[in-house]
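Trainee: I would like to test some labels against their cut-offs. Can we take them one at a time?
Mentor: Yes, let us look at the model together.

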Amino acid sequence: VPIDSEFESKRIVFVNGEINQDMADEFLKQVMHLVMIDNELPIHVIINSCGGEIDAGLKMCDVVSHCPCKVNAYCFTKAYSMAAILFESVNGTRNMVGHAKLMLHQPSVMGIQGGRASEMEELSKQLIEKNDLLLSMVAERCKWNLEKLKEETVKDRYFDTAEAIQTNLADQTLTFVDLMKICMLNK
């Protein structure tokens with residue numbers, strides 16, 4: 001049995017690497033396929049990502065927050081930036097595995113060489129709106145004050161497993177053995 005088929009049969013989806021439109025499209029297809037097979041059994045999303053594109057990530061967030069079956073997230077190593085927002089968006093449990101870390105920060109733009117002042121002003125306005133949207137999603141799920149969350153994330157803010165649980169950014173910590181048992185039993 002090919003390894004991908006084995007993971008599919010256990011309803012495991014991986015989010016590894018940079019979040020982009022291709023990954024988001026593939027993620028959507030995988031989750032839709034699993035829901036069509038059985039819309040009651042949970043889906044397990046294992047995240048190890050530094051984040052990526054906001055719009056692609058929001059597509060993935062819409063999938064995991066509105067999925068008809070429970071979607072559980074497992075942060076394995078890291079869920080930074082947009083990957084952390086995805087982790088927070090699941091409609092099931094948020095699990096930190098081992099020495100995993102979450103990181104939240106303000107969105108940034110890479111590769112901008114310059115431009116007209118009006119273009120830069122518009123870009124800045126859009127970034128502030130995206131930041132407010134993303135942080136409001138996290139604040140709502142975690143029961144944080146939005147203004148406090150904005151203050152905390154002006155710079156890159158890392159949360160280890162214990163701090164993520166203490167601040168309600170995660171529900172529980174698991175070992176790799178725990179993760180294997182959950183995925184094998186698919187509960």
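Mentor: This is a predicted model. One definition to start: a helix here is a DSSP run of H or I with at least four residues, numbered from the N terminus.

Trainee: What separates E26 and K29 in helix α2?
Mentor: About one helical turn, because they are three residues apart in α2.

Trainee: What makes E26 and K29 a salt bridge?
Mentor: Their N to O distance is 3.9 Å. The cut-off is 4 Å, so the pair qualifies. Side chains of opposite charge can pair when their charged atoms come close.

Trainee: Why is K29 called exposed, and E26 partly exposed?
Mentor: K29 has 54% relative accessibility. Exposed means over 50%, so the label fits K29. E26 is at 40%. That lies between 20% and 50%, so E26 is partly exposed.

Trainee: How do you know that K130 and D55 form a salt bridge?
Mentor: The N to O distance is 2.7 Å, and the limit is 4 Å. K130 lies in helix α5 and D55 in helix α3, so the pair ties together parts that are 75 residues apart in sequence.

Trainee: Which residue does R94 pair with in a salt bridge?
Mentor: D171, with the closest N and O atoms 2.8 Å apart. R94 sits in strand β4, and D171 in the loop between α7 and β6, 77 residues apart. Both belong to a salt-bridge network that also includes E88 and R141.

Trainee: Is R94 buried or exposed?
Mentor: Buried. R94 has 1% relative accessibility, and the buried label needs under 20%. D171 is at 35%, so D171 counts as partly exposed.

Trainee: Why do C67 and C69 not count as a disulfide?
Mentor: Their sulfurs are 3.6 Å apart, which is too far for a bond. A disulfide needs sulfurs within 2.5 Å.

Trainee: What about C75?
Mentor: The closest cysteine sulfur to that of C75 is in C50, 11 Å away, so this pair fails too. The whole structure has zero disulfides.

Trainee: What makes C67 and C75 buried?
Mentor: C67 is at 9% and C75 at 0%. The cut-off is under 20%, so both labels hold.

Trainee: How do you know that β1 and β2 pair?
Mentor: They share seven bridges, in the parallel sense. Pairing needs at least two, so they qualify. The chain crosses from β1 through helix α2 to β2, and that β-α-β crossover is right-handed.

Terms used:
Residues numbered from 1 in each chain as written. Predicted model: local features only at pLDDT ≥ 70, side-chain atom pairs only at ≥ 80, totals over all residues. Heavy atoms only, no water. Buried < 20%, exposed > 50% of the residue type's maximum accessible area, 1.4 Å probe, protein only. Right-handed = clockwise from strand over helix to strand, strands pointing away. Salt bridge = Lys/Arg side-chain N within 4 Å of Asp/Glu carboxyl O.
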